[in-house]
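Trainee: Please pick one part of this model and look at it closely. Start with the overall fold, then work inward and out again.

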Amino acid sequence: MTNIYGNTPCFLGAKNISASKSLEDIDAVVYGVPWEGAVTWGDYTGCELGPKVMRLTSARYSGYLPELDHIDVFEHMKLGDIGDIDVVPADVDETMKRITDFTSKLWESGKFLIGLGGDHGITFPIVKALAEQGKKVGIIHLDAHYDNLPSHNGDQYARCSPFARLYEQEGVRNESIIHTGIHGPRNIPESGRNAKAAGAVTVTINDIRNHSNLKQLAAELHAMASKDVDCVYLSICSDVLDFAFNPGGPVDGNGLTSHELLTLVHEICKQGVVGMDFVEIYPQQDPTQLSAHFASTVILYALAGVIESKK
């Protein structure tokens, strides 16, 4: 594992546990997965830099959210940053194994886990590690795209394929995988057919927009994801956001606003989730790093929800 060093601060002022690896007195653990798979699209690249830049930008923020009943997240929760998983560039199989091995130890701790990506391919080995703990898992997947293609140019673990692997994973209940916010022509017909064949649930951007109450919708999403499982995991791709709110993410229009995403994340986490990831931030595409900055707020809203869930 890579220790945190140089000018990179711990995420949101967390305690640096990258050397000690001690989780004593820690409630939630942040880890980075600086991985961009062996397959990418042209020059749209660089999401392996996401964990570093999300940490750098997080130095600007406290845990205080006046709009959420003046909660100070870090009065209630101790955050630890355990550093980055030691990925192996261009060795997909070895990297997937390392992600699973690393997160397996963290899942055993029972702490709330926060993975910073990296591309969306990291979600499969993370959830695989959770399922191998003997847990039956449901997933709320916030994304513009299904990410469920069988492979890409022979890579079964590409960013477009994690949910194809999760459909096959014993311990994941497909009917409790809720693909949420799906929209746009960067999807292909095969994706929708794959989700339907697997038994997964699709909630499109129009389903969200046509719902009268975001808080109620979040509760409904969680109810579907938590049916007949032991725990619910939350996976967020930045491109569920409209590109107007996500200049450092994949380019997709007609997505969620920042308010809509924050509301859904907070309300879902209030219902109870065991961990989450936030993926597909591309710092090289975003000279102002607005998308990396926004990650801090997303994580804080999630943690505020987790605090509420434990009351």
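Mentor: The radius of gyration is taken over C-alpha atoms, and the globule rule is 2.2 Å times the number of residues to the power 0.38. For 311 residues that rule gives a value near 19 Å; the protein chain has 17 Å, which agrees with a compact globule. The C-alpha trace spans about 45 × 45 × 40 Å along its principal axes. This is a predicted model: local features need pLDDT of at least 70, side-chain atom pairs need pLDDT 80 or more, and totals for chains, interfaces and linings use all residues. Residues are numbered from 1 along each chain as its sequence is written, and side-chain values use heavy atoms, without hydrogens or water.

The chain has 10 helices and 11 strands. These are DSSP runs, numbered from the N terminus: helices are H or I with at least four residues, strands E with at least two. Of the 311 residues, 58% are buried. Buried means under 20% relative accessible area, exposed over 50%, and partly exposed in between, with a 1.4 Å probe and protein chains only. Among contacts (heavy atoms within 4.5 Å) with a separation of 6 or more, 76% join residues 24 or more positions apart.

The part to examine is strand β10, residues 231-237. Buried residues make up 7 of its 7, so the rest of the structure largely encloses β10. In a regular strand the side chains alternate between the two faces of the sheet. In β10, C231, Y233, S235 and C237 point one way. V232, L234 and I236 point the other way. Both sets are buried.

Now its neighbours. Strands pair if DSSP finds at least two bridges between them. β7 and β10 run parallel, joined by 6 bridges. V137 has C231 of β10 as its bridge partner. β11 also pairs with β10 in the parallel sense, over 5 bridges. There, C237 stands opposite V279 of β11. From β10 the chain passes through helix α9 (residues 258-271) to β11, a right-handed β-α-β crossover. Right-handed means that, with the strands pointing away from the viewer, the path from the first strand over the helix to the second runs clockwise.

C237 leads on to the cysteines. The whole structure has 0 disulfides, a disulfide being two cysteine sulfur atoms within 2.5 Å. For C47, the nearest cysteine sulfur is that of C237, 9.3 Å away. C47 is buried, at 0% relative accessible area.

β11 leads on to helix α1, residues 50-58. Of the 9 residues in α1, 7 are buried. These are G50, P51, V53, M54, R55, T57 and S58. They pack against β2, β5 (79-84), β6 (112-117), β11 (275-279) and α10 (290-309).

β2 brings in the aromatic pairs, of which there are 3. Rings of Phe, Tyr and Trp (its six-membered ring) pair with centres within 6.5 Å; planes under 30 degrees apart are stacked, over 60 edge-to-face, the rest tilted. Y31 and F102 are tilted, at 5.8 Å and 50°. Y31 sits in β2 (residues 28-33) and F102 in helix α3 (residues 92-109), 71 residues apart. Both are buried. F124 and Y157 are stacked, because their centres are 5.9 Å apart and their planes at 20°. F124 lies in helix α4 (residues 123-131), and Y157 in the loop between β7 (137-142) and α5 (162-168). F124 is buried at 8%, whereas Y157 is partly exposed at 21%.
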